[in-house]
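Trainee: I should be grateful for a close look at a single part of this structure. Please take the answer step by step and connect that part with its surroundings.

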Amino acid sequence: MILYYDTETGAVMATAMGQDDSWTDEMLTDWTNKNATQTAVKTADSKIINKYYDASADEFKTATDFNITVSKDRVQSNNSDYIDFSNIPEGSKISVDRGDDATMDASGVFRFTCTDPGTYEVRIKKYGYNWYYKEITAYDNI
């Protein structure tokens, strides 16, 4: 099968079963060069549910779930109210609304605050982990 995986986390993004013979190494390289966050490789057919691809070992491994706790689901958009995300493993990549990633430090706590009302998307990724996703509602208290 042809496997498309996220290069930062190993997460399986898609597969193309039965395509092994028709894809050349040049086609795999071309596809990878056009997709900055993913890589395409040929690999043996495998069960991929709850797995990630370990490129260094050329095998699938069981992905770990994050054990993140969230202090609350809503926040006032006054830049002083906040939501704490705790138990985030060091080195995890955190993005809000698909913006630039921040890297989690040893504290394991990400504090979210904002100045504008609306819905925010928080994504947390780390190699070998299932992605974490949480929507946060920010409200004005005017």
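How many residues line the largest pocket, and which of them lie nearest its centre?

Mentor: Please keep in mind throughout that this is a predicted model. The largest pocket is lined by 13 residues. Those nearest its centre are Asp6, Glu8, Thr37, Lys125 and Trp131. The space in this pocket comes to about 230 Å³. When the lining is sorted by class, six residues are charged, five are polar and two are nonpolar. As background, rolling a probe the size of a water molecule over the atoms shows where empty space is left.

Let us begin with Lys125, one of the residues nearest the centre of the pocket. Lys125 belongs to strand β12, which covers residues 118-125. A residue counts as buried when its relative accessible area is under 20%. Lys125 has a value of 15%, and it is therefore buried. Leaving aside residues up to four places away in sequence, Lys125 touches Asp6, Glu8, Thr9, Phe66, Ser92, Lys93 and Trp131. Among these contacts are Asp6, Glu8 and Trp131, which also appear among the residues nearest the centre of the pocket.

Asp6 leads us to the strand that contains it, since strand β1 is made of residues 2-6. In general, strands of a sheet pair through backbone hydrogen bonds, either parallel or antiparallel. Strand β1 belongs to an open sheet of three strands, in the order β2-β1-β3, with antiparallel pairing. The edges of this sheet are β2, residues 12-16, and β3, residues 38-42, each of which pairs on one side only. From one strand to the next, the twist averages 20°. Helix α1, residues 25-34, packs on this sheet and touches both β1 and β3. The direction of helix α1 makes about 165° with that of β3.

The join between β1 and β3 can be followed residue by residue. Five bridges connect these two antiparallel strands. Leu3 has Val41 of β3 as its bridge partner, and Tyr4 has Ala40 of β3. It is useful to recall that in a regular strand the side chains alternate between the two faces of the sheet. Although β3 is an edge strand, four of its five residues are buried, so this strand is largely enclosed by the rest of the structure.

Beyond β3 comes the loop that runs to β4, residues 51-54, and Thr43 is found in this loop. With a relative accessible area of 11%, Thr43 is buried, because that value is under 20%. Not counting residues up to four places away in sequence, Thr43 touches Met1, Leu3, Asp20, Tyr53, Asp58 and Phe60. One of these contacts is Leu3, whose bridge to Val41 was described above. Another is Asp58, which is 15 residues from Thr43 in sequence but 7.8 Å away in space, from C-alpha to C-alpha.

Asp58 itself is in the loop between β4 and β5, where β5 covers residues 59-62. Its relative accessibility is 47%, so Asp58 counts as partly exposed. The phi angle of Asp58 is near 50°, a positive value in a residue other than glycine. Asn50 also has a positive phi, near 60°, and it too is a residue other than glycine. Asn50 lies in the loop between β3 and β4, the loop in which Thr43 is found. At 38% relative accessibility, Asn50 counts as partly exposed.

For completeness, the structure contains a further open sheet, made of three strands in the order β6-β8-β11 with antiparallel pairing. Strands β6 and β11 stand at its edges, each with a single partner strand, so one side of each is left without a neighbour in the sheet. Strand β6, residues 69-70, pairs with β8, residues 83-86, over two bridges. Here Thr69 stands opposite Ser86, and Val70 stands opposite Phe85. On the other pairing of β8, three bridges join it to β11, residues 110-112. Within that pairing, Asp84 stands opposite Arg111.

To return to the request, the pocket has Lys125 among the residues nearest its centre, and Lys125 touches Asp6. Residue 6 lies in β1, which five bridges join to β3.

Methods: Residues are numbered from 1 along each chain as its sequence is written. This is a predicted model: local features need pLDDT of at least 70, side-chain atom pairs count only at pLDDT 80 or more; totals for chains, interfaces and linings use all residues. Side-chain values use heavy atoms; hydrogens and water are left out. On a 1 Å grid over the protein atoms alone, a cavity is a set of points where a 1.4 Å probe fits but cannot get out, and a pocket is an open set with protein on both sides within 12 Å along at least five of seven lines; lining residues have an atom within 4 Å of a point. Grid points are joined across faces, edges and corners, and a volume is the space filled by probe spheres set on the points. Ala, Val, Leu, Ile, Met, Phe, Trp, Tyr, Cys and Pro count as nonpolar, Asp, Glu, Lys and Arg as charged, and the others, Gly among them, as polar. Two strands pair if DSSP finds at least two bridges between them. Axes are lines fitted to C-alpha atoms, for helices over the stretch in contact, and angles run from 0 to 180 degrees between N-to-C directions. Contact means heavy atoms within 4.5 Å. Buried means under 20% relative accessible area, exposed over 50%, partly exposed in between (1.4 Å probe, protein chains only).
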